[in-house]
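The following exercises invite the reader to examine one protein model step by step. Each task is followed by a worked solution.

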Amino acid sequence: MLAAAFWYPLVAGVGVVGCAAAAVGVGAVRGRFYCNHLCPRGGLLDGYVRLFSRGRRTPDWFKHPLTRAAVALTAFGLLGTGLHAAWRQGGSLGVPFLTMLGVSTLVAVGLGVAYHQRAWCQICPAGTLSHAVHRVAEALGRDPAPRVEVDADACVSCGRCGTVCRQEIRPGQYAEGEVTDHGDVFLPGGLEGSTREVDGVVDHADCLQCAACVEECPTDALSLDEE
């Protein structure tokens with residue numbers, strides 16, 4: 001997409017709008033399924049950036065709702081400013097999209113190397129919108145996204161599930177009766193996160209439904225409910 005957009009900038013516009021619309025649309029019915037299974041940038045990060053990543057966790061403030069909101073507002077604000085300038089000057093409306101696509105990809109790669117490969121996904125504007133749409137769908141009584149379930153009797157609190165989660169969720173905590181979430185756009189809770197009661201189901205809206213935690217669990221305490 002990037003290569004084609006250098007010659008045909010409008011390709012970047014179609015790609016950016018299309019990917020964002022797909023992420024939000026899928027978010028309403030499947031949570032952040034798009035981010036793990038369909039996102040081109042996610043494939044780049046998992047397939048190649050992972051090989052050079054330091055594999056470090058991001059600080060809690062990084063995935064705080066205010067940080068996510070600031071990144072989204074900045075991205076949309078710069079894109080809107082660029083489109084307005086291109087329109088007034090008679091330039092290609094695809095150039096601002098190309099610029100945003102290129103810069104955000106560089107940032108994603110840089111964060112992936114400095115922390116873990118999917119660090120960008122914690123602040124990605126499209127991911128944040130998908131997260132928010134999914135929470136709205138839940139509030140309206142529609143919650144079709146697959147969930148990771150935790151068997152409290154089998155869980156030994158080894159923490160291995162949390163080490164492989166690309167969204168830095170700790171599934172094992174959901175077996176303990178309450179959990180402290182970080183990064184939920186509707187549960188700011190300060191930098192320390194928001195603590196709430198849970199019932200053994202990992203209902204964090206940033207879950208990518210990749211099942212990496214299920215595969216890593218040594219006691220088979222985790223399972224992915226596809227229904």
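The exercises below concern a predicted model, and they treat its pockets, cavities, strands, a helix and several single residues.

**Exercise 1. Describe the largest pocket: its volume, its lining and the helices that contribute to it.**

Solution.
- Step 1. Begin with the volume, which is about 890 Å³ for the largest pocket.
- Step 2. Turn to the lining, which consists of 41 residues. Those that lie nearest the centre of the pocket are Arg41, Met100, Leu101, Ser104 and Trp120.
- Step 3. Assign the lining to helices. At least two residues each are supplied by α2 (10–30), α3 (33–37), α4 (40–47), α5 (65–89), α6 (94–114) and α7 (125–139). The largest share, eight residues, belongs to α6.
- Step 4. Sort the lining by class: 30 residues are nonpolar, eight are polar and three are charged.

**Exercise 2. Carry out the same kind of description for the second largest pocket.**

Solution.
- Step 1. The volume of the second largest pocket is about 200 Å³.
- Step 2. Its lining comprises 19 residues, and Ser157, Cys158, Gly159, Cys161 and Gly172 are the closest to its centre.
- Step 3. Helix α8 (residues 160–164) provides the largest share of this lining, four residues.
- Step 4. The classes in this lining are eight nonpolar, seven polar and four charged residues.

**Exercise 3. State how many cavities of 30 Å³ or more are counted, and describe the largest and the second largest.**

Solution.
- Step 1. The count comes to three cavities of 30 Å³ or more.
- Step 2. The largest cavity has a volume of about 140 Å³. It is lined by 15 residues, and the closest to its centre are Cys165, Cys207, Leu208, Cys210 and Cys213.
- Step 3. The lining of the largest cavity divides into 11 nonpolar, two polar and two charged residues.
- Step 4. The second largest cavity holds about 40 Å³ of space. Among the residues that line it are Arg32, His134, Arg147, His204 and Gln209. By class, four of its lining residues are nonpolar, four are polar and two are charged.

**Exercise 4. Determine which residues of α4 are buried and where they lie around the helix axis.**

Solution.
- Step 1. Identify the buried residues of α4: Arg41, Gly42, Leu45 and Asp46.
- Step 2. Consider their directions. These residues cover an arc of only 130° around the axis, and therefore they lie on the same side of α4.
- Step 3. Recall the geometry of such a helix: there are 3.6 residues a turn, so residues three or four places apart point the same way.
- Step 4. Find the packing partners, which for the buried residues of α4 are α3 and α6.

**Exercise 5. Work out how the strands are paired.**

Solution.
- Step 1. Three strands form an open sheet in the order β4-β1-β5, with antiparallel pairing. Its edge strands are β4 (201–202) and β5 (222–225), each of which pairs on one side only.
- Step 2. Within this sheet, strand β1 (residues 147–150) is joined to β5 by four bridges. Val148 has Leu224 in β5 as its bridge partner.
- Step 3. Strand β2 (residues 178–181) pairs with β3 in the antiparallel sense, also over four bridges. Here Glu178 stands opposite Glu197 in β3.
- Step 4. Compare the two faces of strand β3 (residues 194–197): Ser194 and Arg196 are on the covered face, whereas Thr195 and Glu197 are on the uncovered one.

**Exercise 6. Locate Arg50, Glu168 and Gln209, and decide whether each is buried or partly exposed.**

Solution.
- Step 1. Arg50 is in the loop between α4 and α5. Its relative accessible area of 44% makes Arg50 partly exposed.
- Step 2. Beyond its neighbours within four places in sequence, Arg50 is in contact with Leu45 and Gln117. The C-alpha atoms of Arg50 and Gly112 are separated by 7.2 Å, although the two residues are 62 residues apart along the chain.
- Step 3. Glu168 is in the loop between α8 and β2. Because its relative accessible area is 7%, Glu168 is classed as buried.
- Step 4. Gln209 is in the loop between β4 and α9 (212–216). Because its relative accessible area is 6%, Gln209 is also buried.
- Step 5. Examine the backbone. Most residues other than glycine have a negative phi. Glu168, however, has a positive phi of about 60°, and phi of Gln209 is near 60°, likewise a positive value.

Methods: Residues are numbered from 1 along each chain as its sequence is written. This is a predicted model: local features need pLDDT of at least 70, side-chain atom pairs count only at pLDDT 80 or more; totals for chains, interfaces and linings use all residues. Side-chain values use heavy atoms; hydrogens and water are left out. On a 1 Å grid over the protein atoms alone, a cavity is a set of points where a 1.4 Å probe fits but cannot get out, and a pocket is an open set with protein on both sides within 12 Å along at least five of seven lines; lining residues have an atom within 4 Å of a point. Grid points are joined across faces, edges and corners, and a volume is the space filled by probe spheres set on the points. Ala, Val, Leu, Ile, Met, Phe, Trp, Tyr, Cys and Pro count as nonpolar, Asp, Glu, Lys and Arg as charged, and the others, Gly among them, as polar. Buried means under 20% relative accessible area, exposed over 50%, partly exposed in between (1.4 Å probe, protein chains only). Two strands pair if DSSP finds at least two bridges between them. The arc is that of the directions from the helix axis to the C-beta atoms. Contact means heavy atoms within 4.5 Å.
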